[in-house]
Amino acid sequence: MWSSSSLLAEILIADGVREHLSDVSAIEIGAGMAVCALTAAVRGGAKIMVTDSSDHALDLVKGSARLNGVADSLSCSRMDWHSSSSVSGVAVQSGPYEFVIGSDVLFASMNVQPIVKAIIELLAPGGLAVVIDPGRLSGEGFDEAAREAGLEAEVYEASDVAMSDGSVMRKGVLFLLTRSSDKDTERTAALKRGLVGTWGWVAENRAGAEAAAEGEGGFGYAYTHEWAAKTAGGRDPYIPPRAVR
């Protein structure tokens, strides 16, 4: 499982994000094991479409959905973002979607333009797309490509992010994408606030998070939040981050 997927899954269950996922029409692109989609469905109550270019991966996701009791709210469809007809087929099938998510999908520079086009095709008016990347060189220019295509793009960065398995993700990049021509829906506005707030915790507590991961075997976001608040004497040390570009 990619570290970006683990990080996004943890962010989706954070206070300020999870409560806005209930019954949201969502889709995960390039899902692989679909840990993010499963998390959104199981913990957030999202109705989510899982897509990947691998039929085998989708079969495994269907099994996971049954085991977790979310087979009725999680569906699967094969989608290749390099094929416009494949993307359009998914969009027509059950889209457009209020919430589009993807993690570590920018692993090749040739993915940048197709993913931007896929987001435009899949995203409902006023909706939100979230992409998390581990700072790959292949992902550079993604926000510029999105803006050139008519999307608004906010970019946030963090370093030394503690993961729940005890490892440390050296860099994380969060992209928030909306249509420039549309007004955010209430849900989108609330999700953006929650996502930016959660990312702020990730960035502000990177040094302590790394130390705790090394000393105690790691923890998820919920524990990071509690630990940071306690070390600040019960005060909330969070300062809302600003987009880096």
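1. Let's start with one pair of residues. Ile-132 has Leu-174 as its bridge partner in strand S7. Please keep in mind as you look around that this is a predicted model.

2. Now widen the view to the strands around that pair. Strand S5 covers residues 123-133 and strand S7 covers residues 168-179; the two run antiparallel and are joined by five bridges.

3. What joins strand S6 to S7? Here you will find 11 bridges, with S6 (residues 151-162) running antiparallel to S7. Try locating Ala-158, whose bridge partner in S7 is Gly-172. You can also look for Ala-162, which stands opposite Val-168 in S7.

4. Next, follow the chain through the hairpin of S6 and S7. Five residues lie between the two strands, and Gly-166 takes a positive phi near 95°.

5. Time to step back to the whole sheet. It is an open sheet of seven strands with mixed pairing, and the order is S3-S2-S1-S4-S5-S7-S6. Which strands stand at the edges? They are S3 (74-78) and S6; each has a single partner strand, so one side of each is left without a neighbour in the sheet. From one strand to the next, the twist averages 20°.

6. A general tip for reading any sheet: side chains in a regular strand alternate between its two faces.

7. Finally, have a look at helix H5, residues 112-122. This helix lies across strand S1 (25-28), strand S4 (97-103), S5, S6 and S7. Relative to S5, helix H5 runs at about 145°.

Definitions and conventions: Residues are numbered from 1 along each chain as its sequence is written. This is a predicted model: local features need pLDDT of at least 70, side-chain atom pairs count only at pLDDT 80 or more; totals for chains, interfaces and linings use all residues. Side-chain values use heavy atoms; hydrogens and water are left out. Two strands pair if DSSP finds at least two bridges between them. Helices (H or I, at least four residues) and strands (E, at least two) are DSSP runs, numbered from the N terminus. Axes are lines fitted to C-alpha atoms, for helices over the stretch in contact, and angles run from 0 to 180 degrees between N-to-C directions. Contact means heavy atoms within 4.5 Å.
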